[in-house]
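Could you look over this entry with me before we discuss it? I have set out my remarks as numbered points, so that each can be checked against the picture in turn.

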Amino acid sequence: MEPDRQTRQAWTAAATAFVDDFVSGLEDAPASAHDAPVPADLLAPPPEGPGDLADLLARFGDAASRAIETAGPRYFAYFPAGGLYSSALAEFLSQTVNRYTGIAGPAPALAAIEQSVIRWLCDVFDLPAPAGGVFTSGASIATLAALHAAREDRLGGPDPRGTLYVTAQAHYCVAKAARIAGMTADQVRIVPVDADLRLDVPAAAEMIERDRAGGRRPFLLVATAGTTSTGTVDPLAAAGDLARREDLWFHVDGAYGGAFQLTTRGREVLAGITGADSIALDPHKGLFLPFGTGVLLVRDQARLRAAHTATGEYLQDLDRDTWPDAADLGPELTRGYRGLRLWLPLHLHGVDAFRRELDEKLDLSAHVHEALSADPNLEVPLAPDLTVSVFRSPDGDAATARLLSRVNDTRRAYLSSTRLDGRHTIRLCVLSFRTHKSHVDEVLEIIHDAARP
Ligand SMILES: *Cc1c(COP(=O)(O)O)cnc(C)c1O
């Protein structure tokens with residue numbers, strides 16, 4: 001199982017050749033092929049004896065090609081990030097050295113590198129010490145950890161009277177986290193949204209007051225900095241004021257939108273996010289990382305730690321005081337060394353490279369909104385807060401579904417849809433670092449063509 005140097009080089013050369021072909025092919029790769037049949041031999045069990053790497057790479061490449069081209073420049077569905085090559089390289093490096101980083105003691109300098117990124121993110125959101133945070137697999141686990149910490153902090157633990165407040169536009173990971181945490185559906189209070197789909201703060205205040213009078217114990221208000229359907233940003237400053245007034249933990253779901261805090265325009269749109277008790281971020285969205293890296297930031301790291309800390313007698317040899325142990329800040333113990341996936345790209349490309357990419361996406365999105373709004377065959381119900389544009393056919397749901405199929409069937413672009421006010425609505429998100437003006441102009445032309453009666 002330990003290849004000699006020559007074999008190692010041959011394997012790595014084969015893998016990098018595969019990767020080079022893949023990346024060079026992205027500009028013209030079909031935007032979707034997930035409807036291609038799945039070859040039955042992919043279900044074959046592993047052989048007793050050794051296989052051939054070239055064969056296996058070919059099999060993997062074929063399987064990967066039968067997919068939505070989520071890495072490509074004309075992927076506009078859900079939240080396209082692309083997947084930075086430098087981050088994939090970081091993963092190769094950290095998996096090779098295979099240091100143990102669930103607890104900091106066995107590799108303290110690697111824990112320090114990870115902390116440097118967490119601290120930088122805290123600075124981006126103006127969260128001074130004692131703020132902190134942890135890398136997670138994504139925003140869902142970040143949200144679960146935040147909800148658990150909020151409940152421990154405000155209620156001292158599970159309480160059937162405890163209630164949290166969230167809008168119907170929030171990501172379902174909030175309700176899912178509540179369910180995993182043992183809360184019943186009626187403990188998740190759905191706050192109405194206004195005509196622009198933003199959290200209605202006065203309505204939330206009324207609900208909280210009524211619930212408290214009825215013997216409930218409100219403990220958490222969740223606002224979204226960029227909703228999944230429309231990219232809409234809740235009134236974060238007013239929501240934060242309400243939470244503080246009512247002594248609720250204020251969590252901001254910035255899985256998609258949080259990264260725009262790096263830009264001047266983003267800071268304006270996200271004003272008030274710096275008042276959060278916790279913020280969920282998804283670097284695998286707004287910071288272009290490959291899938292699998294989320295972050296939870298907290299205003300007071302001790303509260304996150306108090307909710308998650310645990311130990312075993314077999315850990316008695318380790319220093320557990322110098323650096324925060326990731327295991328004490330979330331549900332995981334052993335985990336990949338996620339921090340390098342963000343540290344290497346940040347240090348290699350520089351922060352300004354990220355800022356410029358995000359600014360470009362804001363410009364492109366404004367351009368998309370303008371072009372779609374000018375098309376007499378389309379209805380555009382909302383202007384984008386960040387980089388999600390929504391539109392539909394004025395002729396109803398079936399016509400909108402047909403329009404989406406016509407666009408995606410070209411295989412030159414891939415978009416997804418949602419429901420707004422009960423109506424089928426197409427969404428177009430510009431977020432990949434690989435997406436530039438030419439790609440946006442191409443998809444706009446495809447949409448105008450497909451919308452023509
Ligand atoms: C994507 C998303 C989530 C879920 O994040 P995962 O990383 O998929 O777990 C949560 N909230 C919002 C607003 C999202 O866009």
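The points below deal with the ligand, the pockets, the cavities and two details of the backbone.

1. Please keep in mind from the start that this is a predicted model, and that the values quoted in this note are computed from it.

2. The ligand is a good place to begin, with a shell of 13 residues surrounding it, the closest being Ala139, Ser140, Asp253, Asp282 and Lys285. Sorted by class, this shell holds four nonpolar, six polar and three charged residues. Two helices, α5 (139–155) and α10 (283–286), each give at least two residues to the shell around the ligand.

3. Which parts of alanine 139, histidine 284 and lysine 285 come close to an oxygen atom of the ligand? For alanine 139 the partner is a polar backbone atom, which is 2.9 Å from an oxygen atom of the ligand. For histidine 284 it is a polar side-chain atom, which likewise lies 2.9 Å from an oxygen atom of the ligand. For lysine 285 it is an N or O atom in the side chain, and here the distance to an oxygen atom of the ligand is 2.8 Å. As for cover, the ligand taken alone exposes 380 Å², and the protein buries 85% of that.

4. Where does the ligand sit? Its place is the second largest pocket, which holds about 450 Å³ of space. That pocket is lined by 26 residues, and those nearest its centre are Phe79, His171, Thr228, Asp282 and Lys285. The elements giving two or more residues to this lining are α5, α6 (173–180), α10 and β9 (416–420), with the largest share, three residues, coming from β9. By class, the lining of the second largest pocket is made up of nine nonpolar, twelve polar and five charged residues.

5. The largest pocket deserves its own remark, with about 1,400 Å³ of space lying in it. Its lining consists of 41 residues, and Phe18, Val19, Phe22, Phe60 and Ala88 are those nearest its centre. Three helices, α1 (5–25), α2 (53–65) and α3 (85–97), each supply at least two residues of this lining, and the largest share, nine residues, belongs to α1. In the lining of the largest pocket, 27 residues are nonpolar, ten are polar and four are charged.

6. Turning to enclosed space, it may help to recall that rolling a probe the size of a water molecule over the atoms shows where empty space is left. How many cavities of 30 Å³ or more does the count give? The count comes to four.

7. The largest cavity has a volume of about 120 Å³, and 17 residues line it, with Glu114, Gln115, Pro324, Ala326 and Arg335 nearest its centre. Both α4 (108–124) and β1 (132–136) contribute at least two residues to this lining, and α4 provides the largest share, four residues. The lining of the largest cavity divides into ten nonpolar, four polar and three charged residues.

8. For the second largest cavity the volume is about 90 Å³; of the 16 residues that line it, Leu121, Gly258, Ala259, Leu281 and Leu287 are the closest to its centre. Here α4 and α10 each supply at least two residues, and the largest share, three residues, comes from α4. The lining of the second largest cavity has eleven nonpolar residues, four polar residues and one charged residue.

9. Finally, I would ask you to inspect two places in the backbone, bearing in mind that most residues other than glycine have a negative phi, and most peptide bonds are trans. The peptide bond from alanine 129 to proline 130 is cis, with omega near 10 degrees, and proline 130 is found in the loop between α4 and β1. Asparagine 98, although not a glycine, has a positive phi of about 45 degrees, and its place is in the loop between α3 and α4.

How values were computed
Residues numbered from 1 in each chain as written. Predicted model: local features only at pLDDT ≥ 70, side-chain atom pairs only at ≥ 80, totals over all residues. Heavy atoms only, no water. Near = heavy atom within 4 Å. Polar contact = N/O pair within 3.5 Å; in protein donor to acceptor, adjacent residues only side chain to side chain. Areas by Shrake-Rupley, 256 points an atom, 1.4 Å probe, with all protein chains shown as cover. 1 Å grid on protein atoms, 1.4 Å probe; cavity = no way out; pocket = protein on both sides within 12 Å on 5 of 7 lines; lining within 4 Å. Sits in = over half its atoms within 2 Å of the grid points. Nonpolar A, V, L, I, M, F, W, Y, C, P; charged D, E, K, R; others polar. Points joined across faces, edges and corners; volume = space filled by probe spheres on them.
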